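Reader: I would like a close look at a single part of this model, namely the place where the two chains meet. Please set it in its surroundings, and take the residues one by one where that helps.

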Amino acid sequence: MGSLVKIILIGIIIFFIIFPIFILFKYSISDKDSVVTGGKYPEPFWPFNPNFKMFESLSVRGDFLYSGMVSLEVGLLTVIFCLFLGVPTAYALARFKIPGVGVLLFFLLSIRLFPDISAVIPVAEQFFKPPFSYLPPLVLVALAHTLLSLPYTIYIAEGVFESIPKDLEEQSQVLGASRAYSFLRILTPLALPGLGAAAIYTFLLSWNEFVFAYFLLFQGTESTLPVYLLRILTWSPQKNFIAAISLLICIPVIIFTFAVQRYMRTGLTAGAVK
Amino acid sequence: MLKKIKKYSTWEKLKDNLFIIGITVPSFLYLFAFLVIVLFYLFKFSFGEGLPILSVFSEGEFRKALFRTFWFMLVGTPLQLVVGIILALLVYESFKGVGLVRSLFLVPIAIPALVTAVILNLLFSYPFGHINDLFLGKHFFFPKIFTAPLNFSGSEFFSISLAMLGKVWRDMPIAMLIILAGLQTIEKEGYEAAQIMGASFWQRFKYITLPLLTPAISTVLILRSIENWKEFIFPFIVAPAYPLLGVLIERLYHVEQNPQLACACALWLVIFIGASVFLFTFLTKAVRTYLVKV
């Protein structure tokens, strides 16, 4: 392929990737005059009098901040559940000769292929019934998010444990440590960076997740940030207000995604090519 | 003495196995419990009073949604594959700045689907939005194509296409990564030999890359077709007036308060996904044997 054609193609694609994000950013810092034009002149691609008024007003908006807190709590709860359930399992899968581990991992990941929208109604029906309905809605959402991200957590953590040599544990056990002790004091510190990536991945999944949060919080007043954004949309507010909220939801995702990119790639393409 | 040692070791073995079971079982139990819940309710409601699983077909809305979803899947899947192949080919060979370009190509995956849908709504808003302004010729650098602003969300064709555009934009890095992983398994010697013999870029692509890439391509096709069948967020935000199956399920549950019909829809969605996976697997296998001639 000619290198000029290649450069032009890359340029066009990068434009199509960056343009929507730029527009979002543009709207969020736009002055009211450049959003509500009344059709007199086209909406400019560059805002007149850019300012941070939208972000300032959002920073003192109670319901927005509260939704942010809810999102944060749900995310952290999900991370805790996932790590507690998933890390020991991943350790067992990586360390002990369990027949058919590959198949097991494949089935674990393929759980995510089940349509969320089909799974959400049974889960909601069950969660609205007594033993579960006594729990606060936040915990219910976190439990549902744990269902979604547990396979990934196990998968990523399994890879992390597999990369740590088995000898270290064996040595500690020769010196008289129990399995649990060598797991906690020898292996966990070594695995922490990789497990951190798994935790971030889990958190992002929960932060982005919309379907389960929407169905489980539909009747209540609390909402995670994506659900809050949807509730805002029904009032058809000004474009710069929507854009500012959307951008604030994106920012942590963009930052952390690139932090854990290396781990995400293996997760995304897992089982792609044999 | 010997007996004692043996006894000790079996006890140790049991303890070991108990430890393994103890740390493995909870997470699998958790996932399994949800599987049971999901299947239980899907079947209980679908085969409940009046057999909603059959009566759902008499709803006109369901047939329309099924039709739309089918087209969404049938057009969107190859589209994502082609975009993924193009992106992967562009960043496959290393050049100066390839790392940066690859990272930029991965940006869409970092934007939540809901936000992407919201951006689409902002861009294509009616009557005053960037795309309408552009096509109405309000900017000096673009020719006038429309005579009146177009209400994208009011037209079935445009609103579903927009949802598809959002889906393709958001998920193109995934297709790209899978294809890229497939490309990297192809050995360079074949290309070099072909190049020496004077094969053009297109010939190399058609006779070397494409046949060797079929495993990756079939993975993309199968995974993406599943994703397209079950797509919810984009049509929900961008094309609410023309529901796909996912949106219909939400509507039946929340607006019409009919969990029975909603579950019947949901079960059908699972069945269609299973059938299409089966079909795609079969098709790609046939294509592969045709191309590679093994």
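Author: What follows begins with the contact between the chains, passes to individual residues of chain B, and then turns to chain A and its two domains.

The model is a predicted one, and each value below is computed from it. The contact between the chains draws 78 residues from chain B and 83 residues from chain A, and the two chains bury about 7,300 Å² between them, with 81% of that area on carbon and sulfur atoms. On the side of chain B that touches chain A, helix 1 of chain B, which covers residues 2-46, gives the most, with 16 residues. Sorted by class, that side of chain B holds 60 nonpolar, 12 polar and six charged residues. The count of salt bridges between chain B and chain A is zero, while 13 residue pairs, both members at pLDDT 80 or more, are in polar contact between chain B and chain A.

One residue through which the contact can be followed in detail is B:His254, which lies in helix 11 of chain B, residues 245-254. Once neighbours within four places in sequence are set aside, B:His254 is in contact with A:Tyr214, A:Phe215 and A:Phe218. Is B:His254 buried or exposed? B:His254 counts as buried because its relative accessibility is 10%, and the cut-off for that class is under 20%.

Further along chain B comes B:Gln257, placed in the loop between helix 11 and helix 12 of chain B, the latter covering residues 259-292. B:Gln257 counts as exposed because its relative accessibility is 58%. The backbone of B:Gln257 also deserves attention, since B:Gln257 has a positive phi of about 50° although it is not a glycine. Most residues other than glycine have a negative phi. A second case is B:Leu51, where phi is near 45°, again a positive value in a residue other than glycine. B:Leu51 is found in the loop between helix 1 and helix 2 of chain B, with helix 2 covering residues 52-55, and B:Leu51 counts as partly exposed because its relative accessibility is 35%.

For a residue whose listed contacts lie in chain B, one may take B:Asn228, which is found in helix 9 of chain B, residues 201-229. With neighbours within four places in sequence left aside, B:Asn228 is in contact with B:Phe72, B:Met73, B:Gly76, B:Thr77, B:Gln80 and B:Lys167. With B:Gln80 there is a polar contact of 3.5 Å that joins the two side chains. B:Asn228 counts as buried because its relative accessibility is 1%.

The partner across the interface, chain A, has 13 helices and zero strands, and its C-alpha trace spans about 80 × 65 × 35 Å along the principal axes. Of the 274 residues in chain A, 53% are buried. Among the contacts in chain A with a separation of 6 or more, 71% are between residues 24 or more positions apart.

The domain assignment divides chain A into domain 1, residues 1-51, and domain 2, residues 61-268, and the C-alpha centres of these two domains lie 34 Å apart. Where they meet, 10 residues of domain 1 of chain A are in contact with eight residues of domain 2 of chain A, and the two domains bury about 750 Å² between them, 73% of it on carbon and sulfur atoms. In domain 1 of chain A, the residues that lose the most area to domain 2 are A:Leu24, A:Tyr27 and A:Ser28, which together account for 54% of what that side buries. Across this domain interface there are zero salt bridges, and the count of residue pairs in polar contact, both at pLDDT 80 or more, is zero as well. The side of domain 1 of chain A that touches domain 2 divides into five nonpolar, two polar and three charged residues.

A last residue to consider in chain A is A:Asn49, in the loop between helix 1 (3-28) and helix 2 (53-59) of chain A. A:Asn49 counts as exposed because its relative accessibility is 53%, and, leaving aside neighbours within four places in sequence, A:Asn49 is in contact with A:Ile29 and A:Asp31. A:Asn49 and A:Phe258 are 209 residues apart in sequence, and their C-alpha atoms are 32 Å apart in space.

Note on methods
Residues numbered from 1 in each chain as written. Chains lettered and ligands numbered in written order. Predicted model: local features only at pLDDT ≥ 70, side-chain atom pairs only at ≥ 80, totals over all residues. Heavy atoms only, no water. Domains from an automatic or database assignment. Contact = heavy atoms within 4.5 Å. Buried area = accessible area lost by both parts, 1.4 Å probe. Salt bridge = Lys/Arg side-chain N within 4 Å of Asp/Glu carboxyl O. Polar contact = N/O pair within 3.5 Å; in protein donor to acceptor, adjacent residues only side chain to side chain. Nonpolar A, V, L, I, M, F, W, Y, C, P; charged D, E, K, R; others polar. Helix = DSSP H or I, 4+ residues; strand = E, 2+ residues; numbered from the N terminus. Buried < 20%, exposed > 50% of the residue type's maximum accessible area, 1.4 Å probe, protein only.
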